[in-house]
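Here are some exercises to work through with the model open next to you. Try each task yourself before you read the solution.

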Amino acid sequence: MKEISYIHSESYSAGELKHGPIALIENGITVVGIMTDSILTPKTISNIQEVVTRGAKTFIVTNQNIDEHNFDEVIKIPRINSFISPVLSVIPLQLLAYYISKEKGLDVDKPRNLAKSVTVE
């Protein structure tokens with residue numbers, strides 16, 4: 001998200017949300033949630049509901065059976081082996097970053113300053 005759309009973003013496990021990041025949630029912020037572990041899904045839903053009550057928009061990627069009406073956008077992915085699910089769940093997130101960048105009129109093939117950090121020693 002940062003590299004091609006220049007939107008500040010941070011990633012946290014859902015369990016860490018209440019240890020500080022929740023203080024940054026305000027009306028209109030978009031929170032992206034990934035729910036692929038059936039054991040953690042109920043706790044993750046609870047944490048996502050916390051950000052909804054603070055006015056956040058939600059974009060969820062999941063392979064679980066959840067009540068989709070509680071969230072703004074839900075992308076369903078197939079259930080696969082839990083060790084492979086991160087690979088599958090990142091695809092909608094890459095597309096999200098791509099389409100946001102295109103909407104902003106940015107060149108997704110040439111992100112600014114990225115070449116310098118890759119090629120300069």
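A quick definition to begin with: a residue is buried under 20% relative accessible area, exposed over 50%, and partly exposed in between. Keep in mind that this is a predicted model.

**Exercise 1. Find out how the chain is laid out.**

Step 1: Count the elements, and you get 4 helices and 3 strands in the chain.
Step 2: Now read along the sequence, and the pattern comes out as α-β-α-β-β-α-α.
Step 3: For the dimensions, use the C-alpha atoms, which fill a box of roughly 45 × 35 × 30 Å along the principal axes.
Step 4: Look at burial, too: 27% of the 121 residues count as buried.
Step 5: Finish with the contacts between residues at least 6 apart in sequence, of which 55% join residues at least 24 apart.

**Exercise 2. Decide whether tyrosine 98 and tyrosine 99 are buried, partly exposed or exposed, and describe how their rings pair.**

Step 1: Tyrosine 98 has a relative accessible area of 31%. That value lies between 20% and 50%, so tyrosine 98 is partly exposed.
Step 2: Tyrosine 99 has 51%. Because the cut-off for exposed is over 50%, tyrosine 99 counts as exposed.
Step 3: On to the rings. A pair of aromatic rings is described by the distance of the centres and the angle of the planes.
Step 4: The structure holds 1 aromatic pair. Tyrosine 98 and tyrosine 99 form this pair, with 4.9 Å centre to centre and 80° between the planes.
Step 5: Planes over 60 degrees apart count as edge-to-face, so that is what we call this pair.

**Exercise 3. Work out which residues make up the largest nonpolar core, and follow one of them.**

Step 1: A bit of background helps: in soluble globular proteins, nonpolar side chains tend to be buried together.
Step 2: The largest nonpolar core here has 12 residues, including Leu17, Val31, Met35, Ile48, Ile60 and Phe71.
Step 3: Strand E1 (30–35) and helix H2 (41–53) each supply at least two residues of this core.
Step 4: Pick isoleucine 48 and skip its neighbours within four places in sequence. Its contacts are then Val31, Gly33, Met35, Thr58, Ile60 and Phe71.

**Exercise 4. Compare the surroundings of threonine 44 and proline 21.**

Step 1: Threonine 44 is found in helix H2, while proline 21 is in the loop between H1 and E1.
Step 2: Threonine 44 has 10% relative accessibility and proline 21 has 11%. Both values are under 20%, so both residues are buried.
Step 3: Leaving out residues up to four places away in sequence, threonine 44 touches Ala14, Ile34 and Met35. With such neighbours left out, proline 21 is in contact with Tyr12 and Glu16.
Step 4: Proline 21 and glutamate 10 are 11 residues apart in sequence, and their C-alpha atoms are 9.1 Å apart in space.

**Exercise 5. Describe the largest pocket and its lining.**

Step 1: Start with the volume, which is about 1,500 Å³.
Step 2: Of the 41 lining residues, Glu10, Ser11, Tyr12, Val31 and Val32 are the closest to the centre.
Step 3: The elements giving two or more residues to the lining are helix H1 (2–5), E1, H2 and helix H3 (85–103). H3 gives the most, with 8 residues.
Step 4: Sort the lining by class, and you find 23 nonpolar, 13 polar and 5 charged residues.

How values were computed. Residues numbered from 1 in each chain as written. Predicted model: local features only at pLDDT ≥ 70, side-chain atom pairs only at ≥ 80, totals over all residues. Heavy atoms only, no water. Core = buried A, V, L, I, M, F, W, Y, C linked by side-chain atoms within 4.5 Å. Buried < 20%, exposed > 50% of the residue type's maximum accessible area, 1.4 Å probe, protein only. Contact = heavy atoms within 4.5 Å. Phe/Tyr/Trp six-rings, centres within 6.5 Å; stacked < 30°, edge-to-face > 60°. 1 Å grid on protein atoms, 1.4 Å probe; cavity = no way out; pocket = protein on both sides within 12 Å on 5 of 7 lines; lining within 4 Å. Points joined across faces, edges and corners; volume = space filled by probe spheres on them. Nonpolar A, V, L, I, M, F, W, Y, C, P; charged D, E, K, R; others polar.
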